[in-house]
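Colleague: I should like to go through this structure with you, beginning with the sheet and continuing to the aromatic contacts. Please give the reasoning behind each answer.

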Amino acid sequence: MAIPTRVRWTQRAVAMTAVAAMAGLAACSSGDSGGSGGSGGTEGVTIRLAGPNQWNSNTKTFGPFWDTLTANFKKETGITVQTTVLPISEFSQTISTQLAAGTAPELVFNQPPHEPYMVVPLDDYMKKPNPFIPGNKTWYDAFNHKYFGYDAGSVNAEGKLEWVPFNLIGLGVFYNKAAFKKAGVEAPLKTYDDYINACGKLKGAGYAGFAMDNSTQGQGQVTNFIWNMLMSKYFDKLNKYAGNGDAGTAAVLTGKSQARAILTGEVDATKTPEVGETLKLVKGFMDACATPNWSGVPSSSGGFVNTADFVGQKAAMALGSNLAAANGVLKFDYGTMPFGTVTKATTALSTDFAAQSGLSAGGTSYMISSTTKDAKLDAAVKFLQYVSSPKGAQPFLDASGGLPAIEGAKPAPGLEGITSDKAWSQPLLMGAVPGAPKAQAKTPLFEGYLIGAESLDQSLADVQKKWTAGAKEAAKDGKWTDDWAKQ
């Protein structure tokens, strides 16, 4: 599916619980006053919207919170929004085909492949006020530009804005407040050692410390967090390529820079001490915190790692996306927090670089198909304006496990810990741990060591072979002509 790496948890929330703002022109072109959300020439208009269900397995509706959103919008404007839920396995191809053929509904999910001419550029609309935000000067000003806007890279190949985010997507460690209280654990946990100590207390109180299963998500993300903290000291040395692949630098380490580091030997799993230390710390975490016999626990439905044990209150913590908490799926009081920072008190290889994960506008986002005209175009723009106003967005965010992409709105209750920590909100500086070739991508890199089936040295040697093969494959696929890529 054409879902970017940063939003793999959106995909998981869709697939498993089953995965995861311009105005005056639209307001005036049909005779609207533009001073409010008034109906004018769009009253009675019906528009269609199609995309994947990011919250649950229902094939007929995205959920009650979405139905409430469209009902409130209709009450405000007289415009009806009809939704079509597309299968997660097919939505990308379906929308791409419809956009190319000119048969797409008025509003479509923004991630399927398409050409700029297939959708409506929103730049001119963004220069006008959003009529649903009192005193707003330009719709564009309503957004948090750290995550959405020209400087945030939210543009197409022509440099145009073409989609609007309804929310942000991010990961967090969810915790059961009652379990923490019973075990005498205070949240938030701030360091790796805090987590290890808390897991011991939680086990004593009858809980698994951290819900874990045999999917790659849990062990993979924990490894990414620790890898990023320990390897951050090498960022300046390894940062050789910009995001477009040209020589230069990037805000976060690119895949090409990673591949170069591996093929030149600057990073070697068997020789770079932080790699082995990462594995040892991940194993320490799994041994102390993970669900007993976690490697035999099959991946369950839901947006959490081992949803069943966390929702069932057998485990006190779980890693999940913000969308995982939608619509009251957790029947207990919960909070969120970052993963713990690996400090110098834990390992001499630490620089006290804080834990990172990152937020992005890659959650729920929609765009307008280019065949949308006249009153239907006005109506589609109005819907995007409404959902990117605090008035329209806040109830939707609260019920859907949402993090706001706009100013003036707040995270859904319980999700404050995902956004309040400045470091945690930043993307992984070093990127995710390098991967194996595509044919081996679904096999966990380190599980043999984590379950005690192979030694650390054996695991590191195996990882180095996979990294080398994966880097060579990436060089070939990318048609890189650099000298190091020809090795």
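The exchange below concerns a predicted model.

Colleague: Which strands stand at the edges of the open sheet, each with a single partner strand?

Modeller: The sheet is open and has 5 strands with mixed pairing, in the order β2-β1-β3-β10-β4. A strand with a single partner has one side left without a neighbour in the sheet, so the edge strands are β2 (80-86) and β4 (163-165).

Colleague: By how much are neighbouring strands of this sheet turned against each other on average?

Modeller: The value is an average over neighbouring strands of the sheet and ignores direction. On that basis, the turn is 25°.

Colleague: Which residue in β3 does Ala50 stand opposite?

Modeller: Strand β1 covers residues 46-52 and strand β3 covers residues 107-109; the two pair in the parallel sense over 2 bridges. Opposite Ala50 in β3 stands Val108.

Colleague: Which helix packs on the sheet, touching β1, β2, β3, β4 and β10?

Modeller: Helix α3 (residues 64-77) lies across β1, β2 and β10 (365-368), and runs at about 160° to β2. The helix that touches β1, β2, β3, β4 and β10 spans residues 374-387, and its direction makes about 50° with that of β1. This is helix α13.

Colleague: A search of the whole structure finds 35 aromatic pairs. Is the pair of Trp66 and Phe166 stacked or edge-to-face?

Modeller: The ring centres of Trp66 and Phe166 are 5.9 Å apart. Their planes meet at 20°, and planes under 30 degrees apart count as stacked. The pair is therefore stacked.

Colleague: How many residues apart are Trp66 and Phe166?

Modeller: Trp66 belongs to helix α3, whereas Phe166 lies in the loop between β4 and β5 (169-176). The pair thus links distant parts of the chain, and the separation is 100 residues.

Colleague: Is Phe166 buried or exposed?

Modeller: Buried means under 20% relative accessible area. Its ring partner Trp66 is at 0% and is buried. Phe166 has 2% relative accessibility, so Phe166 counts as buried.

Colleague: What parts of the structure does the pair of Phe166 and Phe383 tie together?

Modeller: The rings of Phe166 and Phe383 have centres 6.1 Å apart and planes at 70°, so this pair is edge-to-face. Phe383 is buried, at a relative accessible area of 0%. The two residues are 217 apart in sequence, so the parts tied together are the loop between β4 and β5 and helix α13.

Colleague: Which ring does the charged end of Lys283 sit over?

Modeller: The charged end of Lys283 is 5.9 Å from the centre of that ring. The ring is that of Tyr449.

Definitions and conventions: Residues are numbered from 1 along each chain as its sequence is written. This is a predicted model: local features need pLDDT of at least 70, side-chain atom pairs count only at pLDDT 80 or more; totals for chains, interfaces and linings use all residues. Side-chain values use heavy atoms; hydrogens and water are left out. Two strands pair if DSSP finds at least two bridges between them. Helices (H or I, at least four residues) and strands (E, at least two) are DSSP runs, numbered from the N terminus. Axes are lines fitted to C-alpha atoms, for helices over the stretch in contact, and angles run from 0 to 180 degrees between N-to-C directions. Contact means heavy atoms within 4.5 Å. Rings of Phe, Tyr and Trp (its six-membered ring) pair if their centres lie within 6.5 Å; planes under 30 degrees apart count as stacked, over 60 as edge-to-face and the rest as tilted. Buried means under 20% relative accessible area, exposed over 50%, partly exposed in between (1.4 Å probe, protein chains only). A charge sits over a ring if NZ of Lys or CZ of Arg is within 6 Å of the ring centre and within 35 degrees of the ring normal.
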